[in-house]
Amino acid sequence: MMHHLSSSVSKRILSSAMAFYRNRSSFSMVSRQAYRSSTLQQIVDKSPRHAIPSDFLKWRSLGCIRTSKFASGFSPLKQKPLDSIIDMERAKQKSAEELADIWDDYHLGRGHIAASMKSKLYKLLEQRASSCRYFVIPLWKGSGYTTMFVQVQAPHILITGLEDYKAKGTQAAPYFTVSYYTEFAESKDLVLVRGDIVFTSKLTDSEAKWLLDTIQSFYLNDVRYKLVERFNRETSEFEFKDVLQTLEMPIM
């Protein structure tokens, strides 16, 4: 069950977000990386970090179907069961590489983002997110950028616009959600990943894919993760320009 952020934490994050968001207008597009285990492995340091539990951020209820309407009401996030997407018995007979390819091919052109990763990388993501759930990512839009507010709540990632979060707080609805399926984590060392764009008017498939790649890199790369830690634990020391510099985007 997802819970409310304490008022102090909510105000601290919103205050920080408003501070660094002012007067930011544009940046150059950065290259995209393929979101597969081989790519992630190159950017990850193997040493884990200890996790400290913290409160969840409350979001409105959400399904796994694209829609142009805002989600209404509130309930815990529920992902589409894996056995309703693929034939589990046939999947068990495939190698990890074959299954990852089938997973990608199945979602191609269906309006979803598909990916896969090694189990140890998912565990690292889960561990780090337990103490540092929130972050901000600039996303290229036309001639400038918009900033996205991110919550990693394993086995999900929720992404909304920072402007919506500033206006609606915990009632802001996600633009894009990501679900992790760990059914084959032990038997095949494979975690399947599925992204769903809730508002197609807010994000394109390529933008959603880039967001997924980039969010992952900030949680799985030790150097980048320091910025995530700073945003969550040392808010007053956090500088948004450091994120822009990390992504090789010019500071305007």
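Contact here means heavy atoms within 4.5 Å of each other. In this predicted model, Phe135 touches Met148, Phe149, Val150, Phe218, Tyr219, Leu227, Val228, Phe231, Phe238 and Val243, a list that leaves out residues up to four places away in sequence.

Phe135 belongs to the largest nonpolar core, which has 53 residues, and it is listed with Ile159, Phe176, Tyr180 and Tyr219 as having the most contacts inside that core. The largest share of this core, eight residues, is supplied by helix H8, which covers residues 205-220. Apart from it there is a second, separate core of 13 residues, with Ile86, Ala100, Trp103 and Leu192 included in it.

The backbone also has some features that deserve a look. Ala154 and Pro155 are joined by a cis peptide bond, with omega at about 10°, and Pro155 lies in the loop that runs between strand S3 (144-153) and strand S4 (156-161).

Positive phi values are found as well, and the table sets out two residues that are not glycine.

| Residue | Phi | Location | Relative accessible area |
|---|---|---|---|
| Asp189 | near 55° | loop between helix H7 (185-188) and strand S6 (191-197) | 34% |
| Glu248 | about 60° | segment after helix H10 (240-246) | 68% |

How exposed are Asp189 and Glu248? Asp189 has a relative accessible area of 34% and is therefore partly exposed, whereas Glu248, with a relative accessible area of 68%, is exposed, because exposed means over 50% and partly exposed covers the range between that value and 20%.

Technical notes
Residues numbered from 1 in each chain as written. Predicted model: local features only at pLDDT ≥ 70, side-chain atom pairs only at ≥ 80, totals over all residues. Heavy atoms only, no water. Helix = DSSP H or I, 4+ residues; strand = E, 2+ residues; numbered from the N terminus. Buried < 20%, exposed > 50% of the residue type's maximum accessible area, 1.4 Å probe, protein only. Core = buried A, V, L, I, M, F, W, Y, C linked by side-chain atoms within 4.5 Å.
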